[in-house]
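Let us work through this fold by question and answer. Each answer ends on the value or name asked for.

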Amino acid sequence: MSEPGQRPDGGRPDGAPPPGPQHYQQFSQYPQWQPPVPPKRTSPAAVVLIVGSVVVVILMALAFLAWGYPGFLREQDVKGVAGARPASSSPSPSPSPTTATTSAPVSLPAGARAPMPKRSKPLADPVTCAFTPEPTSPAPKKVALPPDGPASSSGTVPVSLATSAGDIGLTLDRALAPCTVVNFVSLVKQGFYDGTSCHRLSVTAGLQMLQCGDPVGDGTGGPGYSIRDEVFPELTYGRGVLAMAKTAQPDSGGSQFFLVFGDVEISPEYTVFGSIDDAGLRVLDDVARGGIDPSRPGIGDGSGPPTVPVTFTHVTTP
C-alpha cells in the first residue's frame, strides 16, 4: 500500500523524481580546521626585567623630587625642618644660583662685615614665647621644649661653637629675636648640637652661607617642635649675620640655622638672631674656599656638603 499522496510508480505527486542518495559538494574556500595555537607566555626573566625597569624609573623620579628642590629646610615626609622646604623654602638667592657644584678652590670677595639689621620699633620687654610640638616630625635626638612664657627682649648671650674646622664665636641678640634666642640657648644647654655637622655650603653669588643644626645631617632633621618667625621688613643679610632656616611655611623653624660669610640676597623671611665673631668668619672663609664635595649629594641649587667637614664637637653658653 502506498503512503498517502504517493503514486504507484513511486513517483512524487509533483512530478519530481523519487528520492535517492544525495551528494554534497565540498567547497575549497573553507580552510581545513587547525587546532588553536596557545598564546606565548612571558618568561619570568622578562617579567623581572620589566618590573625592575619601572622601579628604577620611579626611584629616579623620587630622588629628583627629594633632592632637586632648593630651600633652606628640606621637607621630611610631610613637613620639613629648618634647612629645606616642602616646597622647601631655604634661603634661595635672587637671582637663582647655578645648579653646578664644584670641588675647585673658591675665591670669595674679601668684603667687610655687614651692618647688623635693627628694628625700627623696639619690641615690648618682655615678650611672650610659645613653642609648638610637631608630632609628625619626631626629633632624631630627644630634647625638651624650651619654656613658654615671658622672655626678655634686651641684652645679648655669647655662644661658642667648637668645631672640627676651628672655633666659631656667636653673639645672640635678644632685641632682634628674643624667642629664637631662648630656643637656641635651650638646645645648646641640652647638648642638642654636640656631634652634629654642617650639611650645606653655598658659595654661589647671592647665597654665600654655611647651614648647620640638623641632627640627621641632610637638611630634614629638627628638634621635634617649631618656633615662631621673628621677622621685620628692615631685615637684611650679609657677612657676619646668624639666622634661622625654615621651610616655605611660616613659623616652621626649629634647630637649623645658617652662618653668612658673604653675599646673601633673600627676602626678609628668615629670623636674624645674632652675629659671628671675626675668628669664626675666618674659619668660615677657609671652609668656603674648600668648596663643595662633589662625591656627596647636594640639593640641586649649587649648594651641598662642604669638602672641609664642620662638626660641632662642643657647643657652650654661660
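Two strands pair if DSSP finds at least two bridges between them. The model is predicted.

Q: Over how many bridges do β6 and β7 pair?
A: A hairpin of 2 residues joins β6 to β7. Within the pair, Pro 158 stands opposite Thr 171 in β7. The sense is antiparallel, and the bridge count is 8.

Q: Which residue in β14 stands opposite Thr 163?
A: β6 also pairs with β14, in the antiparallel sense. That pairing runs over 4 bridges. Opposite Thr 163 stands Phe 312.

Q: What is the order of the strands in the open sheet?
A: The sheet is built from 8 strands with antiparallel pairing. Its edge strands are β8 (200-204) and β14 (312-316), each pairing on one side only. Neighbouring strands are turned against each other by 25° on average, direction ignored. The order reads β8-β9-β12-β11-β13-β7-β6-β14.

Q: Which residue in β12 is the bridge partner of Leu 207?
A: Strand β9 covers residues 207-212 and strand β12 covers residues 257-264. They pair in the antiparallel sense over 5 bridges. The partner of Leu 207 is Val 264.

Q: What angle does helix α2 make with β7?
A: Helix α2 (residues 178-189) packs on the sheet. Its contacts are β6 (156-163), β7 (166-173), β11 (241-244), β12, β13 (272-276) and β14. The helix direction makes an angle with that of β7 of about 140°.

Q: At what angle to β7 does helix α3 run?
A: Helix α3 spans residues 278-290. It lies across β7, β8, β9, β12 and β13. Its angle to β7 is about 125°.

Q: Why is the ring pair of Phe 131 and Tyr 225 edge-to-face or stacked?
A: The structure holds 9 aromatic pairs, by the rule that ring centres lie within 6.5 Å. The centres of Phe 131 and Tyr 225 are 6.3 Å apart. Planes over 60 degrees apart count as edge-to-face. The planes of these two rings are at 80°, so the pair is edge-to-face.

Q: How many residues apart in sequence are the parts that Phe 131 and Tyr 225 tie together?
A: Phe 131 lies in the loop between β3 (127-129) and β4 (132-133). Tyr 225 lies in strand β10 (residues 225-226). The pair therefore ties together parts whose separation in residues is 94.

Q: Is the peptide bond from Asp 125 to Pro 126 cis or trans?
A: Most peptide bonds are trans. Pro 126 is found in the loop between β2 (79-80) and β3. Omega of the bond from Asp 125 is near 10°, and the bond is cis.

Q: What is phi of Asp 251?
A: Asp 251 is found in the loop between β11 and β12. Most residues other than glycine have a negative phi. For Asp 251 phi is positive, near 55°.

Q: What volume does the second largest cavity have?
A: The count of cavities of 30 Å³ or more is 2. Residues lining the second largest include Ile 227, Asp 229, Met 244 and Tyr 270. Its lining divides into 4 nonpolar, 2 polar and 4 charged residues. The volume of this second largest cavity is about 50 Å³.

How values were computed
Residues are numbered from 1 along each chain as its sequence is written. This is a predicted model: local features need pLDDT of at least 70, side-chain atom pairs count only at pLDDT 80 or more; totals for chains, interfaces and linings use all residues. Side-chain values use heavy atoms; hydrogens and water are left out. On a 1 Å grid over the protein atoms alone, a cavity is a set of points where a 1.4 Å probe fits but cannot get out, and a pocket is an open set with protein on both sides within 12 Å along at least five of seven lines; lining residues have an atom within 4 Å of a point. Grid points are joined across faces, edges and corners, and a volume is the space filled by probe spheres set on the points. Ala, Val, Leu, Ile, Met, Phe, Trp, Tyr, Cys and Pro count as nonpolar, Asp, Glu, Lys and Arg as charged, and the others, Gly among them, as polar. Axes are lines fitted to C-alpha atoms, for helices over the stretch in contact, and angles run from 0 to 180 degrees between N-to-C directions. Contact means heavy atoms within 4.5 Å. Rings of Phe, Tyr and Trp (its six-membered ring) pair if their centres lie within 6.5 Å; planes under 30 degrees apart count as stacked, over 60 as edge-to-face and the rest as tilted.
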